[in-house]
Amino acid sequence: MAILGLTLIELWKTKLINGQMEINSDTLTTMYVILIYYIISGLSSIPTTTFIARNEIAKSQVPGLIEHLIRVSLIVYIAITITGSPSGIVLLLGYVTMGASLIALVMYSILFLSCPIKRPTRKFIKKYLNLSSPILVVSIVGSMNLYLDKVLIGYFWGPYETGLYFGVQRMSVFVMTFSFSIGLMIIPPITAYFRSPKDTDTEIRKIVNFAERYTSLVVLPIVIFYIVFGRDIIRVFLSDTFLPAYGIMTILVLSGLVVAYTQPFRAFVAGTNLKLVNRISAASLFTSVILYFILIPISFGGVAMKGEGGLG
């Protein structure tokens, strides 16, 4: 994935795929810095997922919480006090993001030292690759699904429309935060029940139903609040510049509600049938890509499209 990222950056530098995005040295450096950040983040996921699998939830979350506190504090400070060119400030924010993730990786590594680690056998590696390959595919598909929208908006519309879309998307992500945490917490017990020799179908159903119920109790009022007070939220947290993106935020919030409702069931499927998760994710990405190219660009390959930009 890192090699793919470097390849795309090189293609962009040669203006083969630059689209509406301008090229400058600060932006290029920022892309390399963010690529390093994702490599560090990927390494951090090794102890994180290990702790989750061992039901050591505090260990899996505390370093990440500290990372976010450091990063958010410095981002707020830079955004308020630092002056200069926009691309230079973005580069500085990239360094902050990478540095905070590096601190989290060091903390995760220290906590990971307490885990017993043995040299894997050939049989174990074969079994591991067989079990992990569906997760690898799901991770790649999930990453593409998560970032392809911003890439295409930037390519067809440029930085202004991308900024509007990304700004309100970050605001609406709070809708899904609670549901994602619920999904992470119920995967281990679901897997344990599923692999139990006893008939535990009823217990698994109880876990999923309770998770769905509590997710609804929390997420639905948040969604209603976003829709009713959306313009005020944008004005307070992002500024009047982002007000044209209110429609985008409304659609994203409603989309987040659907995702929140499906999280308990996704956790159930992930804990019992990874191949099915793989198929669902692939079908979702395939559908999204088709709709992206229909709804986002004004024209594609000489054919007129909907041209909705971020709203698309």
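Which helix among the elements of the protein chain has the lowest mean pLDDT, and which the highest? This is a predicted model, and colouring the chain by pLDDT is a convenient way to begin. Select residues 174-194, helix H7, where the mean pLDDT of 67 is the lowest among the elements, and then residues 86-112, helix H4, where the mean of 92 is the highest. For the protein chain as a whole the mean pLDDT is 85, with 92% of the residues at 70 or more.

Next, select Val-168 and Met-249, which have the most contacts inside the largest nonpolar core, a set of 23 residues. Two or more residues of this core come from each of helix H5 (122-157), helix H6 (159-172), helix H8 (201-228), helix H9 (230-237) and helix H10 (246-272), and H10 provides the largest share, with seven residues. Centre the view on Val-168 and show what surrounds this residue: apart from neighbours within four places in sequence, Val-168 is in contact with Ile-234, Leu-238, Ala-245, Ile-248, Met-249 and Leu-252. A second core, separate from the one just visited, has five residues, among them Phe-51, Ala-104, Phe-112 and Cys-115.

The last stops are two loop residues. Select Asn-55, in the loop between helix H2 (25-53) and helix H3 (57-81), where phi is near 60 degrees, a positive value in a residue other than glycine; Asn-55 counts as exposed because its relative accessibility is 51%, the cut-off being over 50%. Then move to Ser-239, in the loop between H9 and H10, whose phi is also positive, near 105 degrees, and which is partly exposed, with a relative accessible area of 27%.

Definitions and conventions: Residues numbered from 1 in each chain as written. Predicted model: local features only at pLDDT ≥ 70, side-chain atom pairs only at ≥ 80, totals over all residues. Heavy atoms only, no water. Core = buried A, V, L, I, M, F, W, Y, C linked by side-chain atoms within 4.5 Å. Buried < 20%, exposed > 50% of the residue type's maximum accessible area, 1.4 Å probe, protein only. Helix = DSSP H or I, 4+ residues; strand = E, 2+ residues; numbered from the N terminus. Contact = heavy atoms within 4.5 Å. pLDDT = per-residue confidence, 0-100.
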